[in-house]
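Grab your viewer and work through these short exercises on pockets and disulfides. Try each task before you read its solution.

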Amino acid sequence: MAFQWRSLVLASLLIAALPMASGARSAEPQVPVLWDAKERLPKPDLSALPRLRFLTTTDFPPFNFLDGAGKLSGFHIDLARAICAELGIVDKCQIQALPWGELEGALEKGEGEAIIAGIAATPQSRQTYAFSRSYLQFPARFIMPKSTAFAEPIFDKLRSKRVGVLAGSAHERMLRDYFSTVQIVSFDGPEALYRDLKAGKIDAAFGDGMRFAFWLGGSDAAGCCRFAGGPYLAPEYLGTGMAIATRADNPALAAALDYALQEVSMKGTFAEFYLRYFPVSFF
């Protein structure tokens, strides 16, 4: 257990030296930086590329959705356009929305060059796609009432506390393995978990930081709670985050996307998009 706990703490501390603040603070939101500024990726030559068509969906807000005017919008849309700008191929770039189930077939048939829609990079999916590096990961977080929220180090402070988590989730497995001294209270759905947290029936909740961020920033939370401790990255439980998929036989394009993603991050453009779409930071 001691080794596991040290590994988890190390994972949280390696998020590009993010400040480990005691919660999501709207005045000073934290932006994830997943790129090593000392690593310089080679700038690709895409002069021979006839076009770069990004494929996405319309039903995954705030990443990709149709706005009130029916225009394709979202974090992924802005990010794709910024990538094209960094690669100097704005005039060759297109973004097309398709139903989720049609994305893989469209890429395979050459109807697009890249998918930016949240396909997870797993050993299985890597048999079908070549992936860019991850540009956004989803940490596990604790949330607690503001009056009792802990700051790191949090492990000993949580001893014997009642912590709610969704039953059967990766977060429940992670909580049981890494925070074995807490009293785990399993919930079948998020509504009941949030209700009991607000009512003081549990001391904290543990789960997906992004979903918690949306709840904390919404009217249902009514300003009751905030993040406590963390963030915690654990790929063996939570995956490696979001990456852009290309055809498996086109790793050169995936490498070009890596270059552009690093430039977007280092120049602050990624931070601008992150704060625009995630005003309550989940890091």
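**Exercise 1. Sort the lining of the second largest pocket by class, then say where that lining comes from.**

Step 1. By class, you should get 7 nonpolar, 3 polar and 3 charged residues. Here Ala, Val, Leu, Ile, Met, Phe, Trp, Tyr, Cys and Pro count as nonpolar, Asp, Glu, Lys and Arg as charged, and the others, Gly among them, as polar.

A quick note on the input: this is a predicted model, where local features need pLDDT of at least 70 and side-chain atom pairs pLDDT 80 or more, while totals for chains, interfaces and linings use all residues. Residues are numbered from 1 along each chain as its sequence is written, and side-chain values use heavy atoms, with hydrogens and water left out.

Step 2. The second largest pocket holds about 270 Å³ of space, and of its 13 lining residues, Leu166, Pro190, Tyr194, Arg211 and Phe212 are closest to the centre. (A pocket is an open set of points on a 1 Å grid over the protein atoms alone, where a 1.4 Å probe fits, with protein on both sides within 12 Å along at least five of seven lines; lining residues have an atom within 4 Å of a point. Points are joined across faces, edges and corners, and the volume is the space filled by probe spheres set on them.)

Step 3. At least two lining residues each come from β9 (162-166), α5 (190-199), β11 (204-208) and α6, and α5 gives the most, with 4. (Helices, H or I, at least four residues, and strands, E, at least two, are DSSP runs numbered from the N terminus.)

**Exercise 2. Work out where the largest pocket sits relative to the domains.**

Step 1. Its volume is about 420 Å³. The 21 lining residues include Phe138, Asp208, Met210, Arg211 and Leu238, which lie nearest the centre.

Step 2. Domain 1 (52-137 + 240-277) and domain 2 (140-237) both contribute to the lining, so the largest pocket lies between them. Those bounds come from an automatic or database domain assignment.

**Exercise 3. Find the disulfides and check their handedness.**

Step 1. Searching the whole structure for cysteine sulfur pairs within 2.5 Å turns up 2 disulfides.

Step 2. Cys84 pairs with Cys93 at 1.6 Å S to S, and -80° about the S-S bond makes that link left-handed.

Step 3. Cys224 pairs with Cys225 at 2.4 Å S to S. The torsion there is about -95°, so this disulfide is left-handed.
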